[in-house]
Amino acid sequence: MENVLEVYKRPYDENHPVVCMDESPKQLIGEAIEPVAAKPGSLEKQDSTYVRNGVCNIFMSNEPLSGKRHVKVTEKKKQEDWAEFVEEIAAQYPEAEKITLVMDNYETHKPGSLYETFAAAKAKSIWDRFEFVYTPKHGSWLNMAEIELNVLMGQCLSGRIPDIDKIKKEVKAWQDARNNKKAKINWQFNTDDARIKLRKLYPVTEFATSDT
């Protein structure tokens, strides 16, 4: 936890960007009965029944200090999907010396996934672009990409969307609009806060005392 918080203290450096990455499933929900369109004095009427059309996956990367994010919608979240998304993140920063990537410990989020997806030389070249920083188990809230995903879900994907093509279209529009605004995250939680508010997570050291 403190390692992640120390990373967040780094000042903005375009040669060493700090990028957060996360992913989330999204159900594809269709209408069982055609909604009644809205008209003057009456809102759209939507039936409570719906049709499940499967699930897609949403990858999110965001650079909190620059207000930049990149979103990709995939059918699956296998190791090759993650590896290809990491390749896309690297392409977003062609001039950077090293990209610090904050993410959780999900089983596909490993350098080995790069080697399972790409030829060894390419996998190594992508790996060398990154410093991987993992959030602790049960500490996904430390990942600022989770905040961005919550914003995306609330602003763009809260309603019923029946297919992956429409989700891709909606996500692309949201991404472009938010990037144009350069919307940033004002992260306030630091190491001192953690040591006070989460002191139960720290080991207790007992010191021996003597009367002499």
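Leaving aside neighbours within four places in sequence, which residues is Ile167 in contact with? In this predicted model, Ile167 is in contact with Lys26, Leu28, Cys56, Val73, Leu157 and Ile161. The sections below place that residue in the chain and its cores, and then turn to the rings and to some single residues.

## The chain as a whole

The chain is built from seven helices and five strands, and when it is read along the sequence these elements follow the pattern α-β-β-β-α-β-α-α-β-α-α-α. The chain has 212 residues, of which 42% count as buried. The surface that the chain exposes comes to about 12,800 Å², with carbon and sulfur atoms supplying 51% of that area.

Contacts across the sequence can be described in a similar way: among those that join residues at least 6 apart in sequence, 73% are between residues at least 24 apart.

## Two nonpolar cores

The largest nonpolar core has 31 residues, and Ile167 is among those with the most contacts inside it, together with Ile58, Val102, Leu152 and Leu157. Two or more residues of this core are given by each of several elements, namely helix H1 (2-8), strand E1 (18-31), E2, strand E3 (68-74), helix H5 (144-155) and helix H6 (164-181). Of these, H5 provides the largest share, with five residues.

Another core lies apart from this one and holds 20 residues, among them Trp82, Ala90, Ile126 and Phe132. Two of these residues, Trp82 and Ala90, are in helix H2, where Asp81, Ala83, Phe85, Val86 and Ile89 are buried as well. At 1.5 Å a residue, the 14 residues of H2 should span 20 Å, and the end C-alpha atoms of the helix are 20 Å apart, so the expected and the modelled spans agree.

## Aromatic pairs and clusters

The structure holds five aromatic pairs. In one of them, the rings of Phe59 and Phe85 have their centres 5.0 Å apart and their planes at 20°, and because planes under 30 degrees apart count as stacked, this pair is stacked. The pair links distant parts of the chain, since Phe59 belongs to strand E2 (residues 50-63) and Phe85 to helix H2 (residues 79-92), with their positions 26 residues apart in sequence. Phe59 is buried, with a relative accessible area of 0%, and Phe85 is likewise buried, with a relative accessible area of 0%.

The rings of Phe130 and Phe132 have their centres 5.7 Å apart and their planes at 40°, so that pair is tilted. Both Phe130 and Phe132 are buried, and together with Trp82 they form one aromatic cluster.

## Charges over rings

Two lysines have their charged ends placed over tyrosine rings. The charged end of Lys68 sits over the ring of Tyr93, at 4.3 Å from the ring centre, while that of Lys110 sits over the ring of Tyr134, at 4.6 Å from the ring centre.

## Two strand residues

Ser24 is found in strand E1, and with a relative accessible area of 18% it counts as buried, because buried means under 20%. Apart from neighbours within four places in sequence, Ser24 is in contact with Cys56, Asn57, Ile58, Leu149 and Met153.

Glu131 has its place in strand E5 (residues 130-134) and is partly exposed, with a relative accessible area of 30%. When residues up to four places away in sequence are not counted, Glu131 touches Arg10, Lys98, Ile99, Thr100 and Leu101. The C-alpha atoms of Glu131 and His16 are separated by 9.7 Å, although these residues are 115 apart along the chain.

## Two loop residues with positive phi

Most residues other than glycine have a negative phi. His138, which is not a glycine, has a positive phi of about 65°; His138 is found in the loop between E5 and H5 and counts as exposed, at 72% relative accessibility.

Lys182 also has a positive phi, near 55°, in a residue other than glycine. Lys182 lies in the loop between H6 and helix H7 (191-197), and at 56% relative accessibility Lys182 counts as exposed.

Conventions: Residues numbered from 1 in each chain as written. Predicted model: local features only at pLDDT ≥ 70, side-chain atom pairs only at ≥ 80, totals over all residues. Heavy atoms only, no water. Phe/Tyr/Trp six-rings, centres within 6.5 Å; stacked < 30°, edge-to-face > 60°. Helix = DSSP H or I, 4+ residues; strand = E, 2+ residues; numbered from the N terminus. Buried < 20%, exposed > 50% of the residue type's maximum accessible area, 1.4 Å probe, protein only. Lys NZ or Arg CZ within 6 Å of the ring centre and 35° of its normal. Core = buried A, V, L, I, M, F, W, Y, C linked by side-chain atoms within 4.5 Å. Contact = heavy atoms within 4.5 Å. Areas by Shrake-Rupley, 256 points an atom, 1.4 Å probe, with all protein chains shown as cover. Expected span 1.5 Å × (residues − 1).
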